[in-house]
Amino acid sequence: MSFAAIGLDMGGSSIKYGVVSTDGTLIEKTFSQAPTPAGARPQEVALAMKQIIEDLKQVTGSDLAGVPVGVTVPGIVIDGVVHSAANIDASWLGLDAKSLLAETLGCEVSVLNDADAAGMAEVFAGAGSRDGAPIMGSTLVLTLGTGIGSGMFRDGILFPNVEFGHLQLDGAEAEKKAAARVIREENLSWEQYGQRLQRYLSHVEFLCSPDLIVIGGAISQEYEQFLPQLKLRAKVVPAHYNNAAGVLGAAHRAMNH
Ligand code: BGC
């Protein structure tokens, strides 16, 4: 089997990872996760990623030499530099993550926003695609988790670093009201959460008129609990890739850089 790229998807509690083969599919036995080091500080995260790659060498039985690495960060990323850190340690702000990771991992690294990566997986080969090609028009992929991530596409082309989780809505930041974590934190019923999402998605729809909205994040597995409540002009569908979307998108970016 030929290995095309490694994807590492950094979250607040875990780093998901896997190897993608030359046909762009995730090699199932390589897909796993490791805990994010406490505090999620850059140096420690980089070292944890180094260890993950060592583990992947064992699993694949290959030295993975020359295989490029794609890494997601839950913040704005421009040319490998992190420009926001809403849910991660403040020391990521202004950090040249691409250089730090390339140095620590000893290979070429591409760095991108986590929701942009998840969106790429959905739009190229998931719920935002048809017959293996992106669905034309405006597609918005939203990941509902600790925060709200957003990936915006027009005819399959990414408009990077859209931060719709940070819209101000009814006097609060939208992700503080409508990210999946509020269900547990505020002990919301599905009906109450559905109302929050309706308010948020109506506003987002007003702002950018997507044709298709893909709802991702772990909560998308429970889409039957809230999707039927939503009334929007756009078509709304659950994500195809559950928690592997970020890994796939990161690897895809690495393969194409
Ligand atoms: C960050 C985004 C990220 C999202 C999901 C937000 O707080 O600002 O960049 O995509 O959380 O992790």
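Let me start with one pair: Leu142 stands opposite Ile215 in strand β15. Strands here are DSSP runs of E, at least two residues long, while helices are runs of H or I of at least four, and both are numbered from the N terminus. Two strands pair if DSSP finds at least two bridges between them.

A word on the source. This is a predicted model, where local features need pLDDT of at least 70, side-chain atom pairs count only at pLDDT 80 or more, and totals for chains, interfaces and linings use all residues. Residues are numbered from 1 along each chain as its sequence is written, and side-chain values use heavy atoms, with hydrogens and water left out.

Back to that pair. Leu142 belongs to a parallel pairing: five bridges join β10 (residues 138-144) to β15 (residues 212-216). Which sheet holds them? It is an open sheet of five strands, in the order β12-β11-β10-β15-β16, and its pairing is mixed. At the edges stand β12 (157-159) and β16 (235-238). Each has a single partner strand, so one side of each has no neighbour in the sheet. From one strand to the next, the twist averages 25°. For angles like this, axes are lines fitted to C-alpha atoms, for helices over the stretch in contact, and angles run from 0 to 180 degrees between N-to-C directions.

Helix α3 packs on this sheet. It touches β10, β11 (148-154), β12 and β15, and its direction makes about 50° with that of β11. Contact means heavy atoms within 4.5 Å.

Now the other five-strand sheet. This open sheet runs β3-β2-β1-β4-β7, again with mixed pairing. Its edge strands are β3 (32-35) and β7 (109-113), and each pairs on one side only. Here the twist averages 20° from strand to strand.

Let's walk across it. Strand β2 (residues 14-21) pairs with β3 in the antiparallel sense, over four bridges. Ser14 has Pro35 of β3 as its bridge partner. β1 and β4 also have four bridges, but in the parallel sense. There, Asp9 stands opposite Thr72 of β4. Then β4 and β7 run parallel, joined by five bridges. Gly70 stands opposite Ser110 in β7.

Stay with β4. How many of its residues are buried? Five of its five, so to speak a mostly covered strand. Buried means under 20% relative accessible area, exposed over 50%, and partly exposed in between, with a 1.4 Å probe and protein chains only. In a regular strand the side chains alternate between the two faces of the sheet. In β4, Val69, Val71 and Val73 point one way. Gly70 and Thr72 point the other way.

Helices next. α3 (residues 114-125) lies across β1 (3-10), β4 (69-73) and β7, at about 95° to β7. Helix α7 (residues 245-255) lies across β1, β2, β4 and β7, at about 130° to β1.

How do α3 and α7 meet? They pack at an angle of about 85°, with axes 7 Å apart. That makes α3 roughly perpendicular to α7, a label for angles of 65 to 115 degrees, where under 35 is roughly parallel, over 145 roughly antiparallel and the rest oblique. On the α3 side, the contact includes Ala117, Ala118, Met120 and Phe124. On the α7 side, Leu248, His252 and Arg253 are among the residues. By class, the contact has eight nonpolar, three polar and two charged residues. Nonpolar covers Ala, Val, Leu, Ile, Met, Phe, Trp, Tyr, Cys and Pro; charged covers Asp, Glu, Lys and Arg; the others, Gly among them, are polar.

A few single residues. Asp79 is not a glycine, yet has a positive phi of about 50°. It sits in the loop between β5 (77-78) and β6 (81-82). Asp79 counts as exposed, because its relative accessibility is 72%. Asp170 also has a positive phi of about 50° without being a glycine. Its loop lies between β13 (168-169) and β14 (172-173). At 56% relative accessibility, Asp170 is exposed too.

Gln51 is in helix α1 (residues 42-60). It is partly exposed, at 45%. Gln51 and Leu105 are 54 residues apart in sequence, but 9.1 Å apart in space, C-alpha to C-alpha.

Last, the cysteines. How many disulfides are there? Zero, counting a pair of cysteine sulfur atoms within 2.5 Å as a disulfide. Cys107 is partly exposed at 24% relative accessible area. Cys208 is partly exposed at 21%.
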